[in-house]
Amino acid sequence: MKKVAEKKIARKITKFCANILKDPSVNLLGTFSSSPSKDLCLINAGFLNGFTREEILAIFVPFWKINNLIMLEGKSYCVVRFQKEKFAIESYNKLNGSFCLKDETKPLYLCYLEFIDEKLFSSKETSDVWPNGLKLENNFISVEEEEKLLLLTHNQQLEESQTSHLKYRTVQHYGFEFQYGCNKVDKKPLASEIPVEMETLINKFLEFGLARPNQLTVNHYIPGQGIPLHTDTHSSFEDEIISVSLGSDIVMDFKNNDTGKHVSITLPRRSCLIMTKESRYLWSHGITPRKYDVIDAPFVGLTILRREKRTSLTFRKVRTSECDCTFTRWCDSQSAKVINFSEETANQIERNYVFHVYDKIASHFSQTRHSPWPNVQSFILSFPVGSLLVDIGCGNGKYLNCSSSLFSIGTDRSNKLLEVCRNREHQVVNADCRFSPFRDSIADAIICIAVIHHLTTENRRLQTLIDISRMLVKGGRALIYVWAKEQQMGTKKSAYLLQKKSEVSRIQAYPTAVLPVHENRTNFKHADILVPWKLYESSSNGKIPENSFDPETHPSTYFRFYHVFKEGELEYLCSKVSNISIYRSFYDQGNWCVELKKE
Amino acid sequence: MKLLTHNLLTSKCLKGVTVGYPLAIVAKEVKVNEIDFNPEFISRMIQKVDWAALCKAAENLGHSDELPPNVVDDYENNEEFLKKAHHFLMEIEVMNGDLICPETGRKFPVTDGIPNMLANEDEV
C-alpha cells in the first residue's frame with residue numbers, strides 16, 4: 001500500500017515538473033532532482049493557490065531553519081532554501097504527499113532542486129529600501145514606562161465614551177479626532193486633551209528635537225487585527241508623525257505612493273517611529289491583519305513573530321496653515337489648487353491680473369525698476385558687436401541700453417510700459433511672449449527676465465520657451481529668470497524676504513478660479529498666487545486727495561498673478577524644448593535662472 | 001520702428017499664416033533720426049537683414065531705387081554702401097501707420113513708433 005502511494009506521488013511530481021519546464025518564464029529554477037539538496041520546490045503552495053508567505057513559512061519555521069522563501073507571482077509553487085540539507089530531507093520525508101495546507105484539498109508535493117540560478121534569491125529580497133525621512137528609535141521608553149502607559153490607556157479605554165470599536169481595532173482620540181475614513185483630522189477640538197500623564201513622554205519628544213504634538217490617537221490591536229495602508233492627509237497635520245509601540249512587536253508595511261515600492265519594517269515594543277518628510281508625505285503605512293509576522297532576524301534567518309496585544313500611541317500636530325510640501329501630487333493642500341485653467345480662464349486671468357495691472361502701475365513700476373541685475377547685464381555684455389538681442393517682456397526697457405554695440409529689441413504686453421521704453425528711444429513691439437513676431441533663427445541673444453512666471457499654465461510657459469528656441473540662431477544663447485518659490489537658500493534669506501506670520505486670503509480671480517493672495521515679503525505658501533502691488537494714488541498726481549486719511553494707509557492695491565517656480569521646475573520645463581540645452585542654471589536673489597544654448 | 005526692426009518682424013503668429021513676411025508698410029508719419037555710424041555694427045547686421053525686404057520697405061516709404069537691389073560684394077569695405085544701409089536700417093523710423101500681413105491682409109497698427117503685433121485670441 002505504501003509503495004502504491006509513493007508511486008502515485010512520484011507520478012504527480014514528474015507530471016508537475018514536466019509542466020513547469022514547459023513554462024518559458026521559468027529559467028531560474030535549475031533542474032528537478034531525486035537526490036537531496038538544501039532547496040525544495042513546494043508544489044501546490046504558491047500565490048496562485050491563494051497562500052501568503054507567512055502561511056507557508058508557518059509550516060516550516062517552527063521545526064526547521066529556513067534561509068529563504070521565494071514566491072513568484074501567478075505560480076502554483078514556491079522555493080524554500082533550508083539552512084542545512086538535513087532540514088530539507090526531514091521536511092521532505094515528513095510532508096511529501098501527506099500534508100495539506102489549510103483549506104487546500106490537494107496535498108503538498110516536494111521536490112529537490114539543483115543548480116538554482118542565484119538570481120532567484122537575490123532579485124526579490126535585496127530591493128528593500130528604507131523610506132527617506134523615517135526614523136526608528138529602539139528602546140525609546142523603559143519597561144516601567146511602557147507598563148505605566150499601558151495601564152493608563154487601558155483604564156482610559158474603560159472610562160471614555162468616545163472609544164470606537166472599528167472593524168479591525170479599538171481607537172481613542174485626544175485633542176482632536178482623527179477620522180480614519182478619510183484620514184483627516186476634525187479641526188474642532190475635542191473635550192479631552194492629551195492626558196497629563198503623557199507629559200513625561202512628550203518631554204522626551206521635545207528633547208529629541210520634535211515639535212510638541214496636540215493630537216493623540218490610541219489604537220488597541222489584538223492579534224489578527226491591522227490597519228489599511230494610508231497616508232495621513234497633508235493638510236491635517238504637520239510634518240512629524242510619532243508612533244510609540246507598546247505591548248508587542250509588529251511589522252509595519254510602507255508603500256511608496258509614486259513607485260509602488262514596498263518595504264516591511266519591524267517596530268519593536270517600546271520603540272518610537274518618527275515619520276517625516278518623504279516617509280510622511282509620499283509613503284503610505286499600514287499593518288496587515290494577521291496573527292504572526294515573519295521577520296528576517298539577524299543571525300537567525302526567517303522566523304515567526306507571534307503578535308501579542310499591542311497598543312500604539314500616535315502623536316501628531318494639527319496643521320494651521322496649508323501644507324507646502326514638495327510632494328504636490330499627493331498633497332491635498334496643493335492638488336486642489338494645481339492650476340489647470342482652460343484657455344479662456346487663462347486668458348482672462350492674464351488680462352486682468354497681469355496686463356491690465358502693468359498698464360495701471362507702469363509709471364510707479366518703472367520708477368522702482370532702474371538698475372539692471374548684474375548677472376543679466378554680464379550676460380548681455382558677453383555678446384560681440386553687431387549681435388541681435390531680443391528682450392521678451394522688456395518692461396521699462398532697462399536692459400535695452402545695456403550695450404550700445406548690440407541691436408536690442410524689446411517686446412511686452414503692456415502698452416504703458418512700451419511707451420516708457422519709447423520715450424527712452426528703444427525699439428519695442430507690443431507682442432505676446434508666447435508668439436513673438438520675429439523671424440526664425442535670428443536672435444543671437446534672448447533674455448526673458450521675470451516674465452513666464454506671469455503665465456497661468458505650464459503649457460503657456462512652455463510655449464514661450466519653445467518660441468525662444470525658434471528665434472535663436474544656432475549657437476545663440478538665452479537667459480531666463482523666474483521667481484523662485486524658495487526665497488531662502490540655506491540660512492541666507494533673499495532680499496525680498498522678511499519673516500513674518502501671515503494668514504492667507506483668497507480672491508475669486510475668475511468664476512472658476514479662486515487664487516490665494518500672497519503677503520508681500522513673506523515665504524511663498526502656494527505656487528499660483530496673486531501678489532499685491534500697492535499704488536499710492538496721491539503720488540501719481542502729486543496731490544493728496546481731499547478728505548483722505550493718511551495716504552500711506554489708503555493705497556490702491558492691484559494684484560498680479562504669479563506662478564512661483566520650485567527648485568528644478570524651470571530646468572524640467574526647458575528639458576521639454578527640443579534643440580536647446582541648458583548651458584548653466586543657478587539661483588540669483590530669489591530667482592531660478594537658466595542659460596540656454598541653441599544646438 | 002526702425003526698418004531694421006521691421007526687417008525682423010513677421011505675422012507668422014497668426015493662425016494659418018505660414019511665412020507672413022515681409023509685412024507691407026502703410027506709413028502715415030515717418031521720422032528720420034541721426035544715429036552714429038558704426039561700420040562694424042552695420043556689416044554684422046547686413047548678414048541678418050533680408051535685403052529684398054528692406055528694398056521693399058524703402059519702396060513702401062517712397063524711396064524707390066535708392067538702395068541697390070542686392071547686397072554688394074565686399075560690402076564690409078564699401079563705406080558708401082554701408083552708410084546707405086545705415087541710413088535705411090537705423091535712421092528712418094515709422095512713427096504711425098500700419099503693417100499689413102502679406103497673406104491675410106490683417107493690419108497691425110504702428111502708434112508712436114510702437115508696432116502692435118498682438119493677435120486676438122481667436123487669431124492664434
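**Entry 1: a term to settle**

I take buried to mean under 20% relative accessible area, exposed over 50%, and partly exposed in between. With that cut-off in hand I looked up A:Arg319: its relative accessibility is 5%, so I log this arginine as buried. A reminder to myself is that I am working with a predicted model.

**Entry 2: chain A as a whole**

I started with the overall picture of chain A. Its secondary structure comes to 14 helices and 33 strands. Of its 599 residues, 54% are buried. I also checked how its contacts spread along the sequence: among those with a separation of 6 or more, 70% are between residues 24 or more positions apart. For the surface, I noted that chain A exposes about 28300 Å², with 52% of that supplied by carbon and sulfur atoms.

**Entry 3: salt bridges, starting with A:Arg319**

I searched the whole structure for salt bridges and got 26 over all chains. Back to A:Arg319, then: which residue is its partner in a salt bridge? I found A:Glu238, with the closest N and O atoms 3.7 Å apart. Both residues sit in loops: A:Glu238 between β12 (227–230) and β13 (241–246), and A:Arg319 between β20 (310–316) and α8 (332–335), so the bridge ties together parts of chain A that are 81 residues apart in sequence. I compared their covers next. A:Glu238 has a relative accessible area of 24% and is partly exposed, whereas A:Arg319 at 5% is buried.

**Entry 4: A:Arg413 and A:Asp432**

My next pair was A:Arg413 and A:Asp432, whose side chains form a salt bridge at 3.5 Å, N to O. I placed A:Arg413 in the loop between β22 (407–412) and α11 (415–423), and A:Asp432 in the loop between β23 (427–430) and β24 (443–449), so this bridge links parts of chain A that are 19 residues apart in sequence. Is A:Asp432 buried or exposed? With a relative accessible area of 13%, A:Asp432 is buried. A:Arg413, at 24% relative accessibility, is partly exposed.

**Entry 5: A:Asp440 and its network**

I then turned to A:Asp440, which meets A:Arg470 in a salt bridge of 2.6 Å, N to O. A:Arg470 belongs to helix α12 (residues 458–471) and A:Asp440 to the loop between β23 and β24, so the bridge joins parts of chain A that are 30 residues apart in sequence. A:Asp440 itself is partly exposed at 39% relative accessibility.

I also followed this aspartate across to chain B. There A:Asp440 forms a salt bridge with B:Lys12, with the closest N and O atoms 2.6 Å apart. Which residues make up the whole network? I have A:Asp440, A:Asp467, A:Arg470 and B:Lys12 linked by salt bridges.

**Entry 6: where chain B meets chain A**

I next looked at the interface in full. The contact takes 31 residues from chain B and 30 residues from chain A. Between the two chains, about 2500 Å² is buried, and carbon and sulfur atoms give 60% of this area. On the chain B side, I noted that B:Leu8, B:Lys48 and B:Ile114 supply 25% of the area it buries against chain A, more than any other three residues.

For the polar part, I counted four salt bridges across the interface and 18 residue pairs in polar contact, both at pLDDT 80 or more. I then sorted the touching side of chain B by element: α1 (3–8), α2 (39–48), β2 and β4 each supply at least two residues. Which of the elements gives the most? That is α2(B), with five residues.

**Entry 7: the sheet in chain B**

I traced an open sheet of four strands in chain B, ordered β1-β2-β3-β4 with antiparallel pairing. Its edge strands are β1 (24–32) and β4 (114–115), each pairing on one side only. Inside the sheet, four bridges join β2 (residues 92–100) to β3 (residues 107–111), and the two strands run antiparallel. To fix the register, I noted that B:Ile100 stands opposite B:Lys107 in β3(B).

**Entry 8: an enclosed strand in chain A**

My last stop was strand β25 (residues 472–483) of chain A. Ten of its twelve residues are buried, so the strand is largely enclosed by the rest of the structure. I found that β25(A) pairs with β24(A) in the parallel sense over six bridges. In this pairing I marked A:Ala443 opposite A:Leu472 in β25(A).

How values were computed
Residues numbered from 1 in each chain as written. Chains lettered and ligands numbered in written order. Heavy atoms only, no water. Buried < 20%, exposed > 50% of the residue type's maximum accessible area, 1.4 Å probe, protein only. Contact = heavy atoms within 4.5 Å. Areas by Shrake-Rupley, 256 points an atom, 1.4 Å probe, with all protein chains shown as cover. Pairing = 2+ DSSP bridges. Buried area = accessible area lost by both parts, 1.4 Å probe. Polar contact = N/O pair within 3.5 Å; in protein donor to acceptor, adjacent residues only side chain to side chain.
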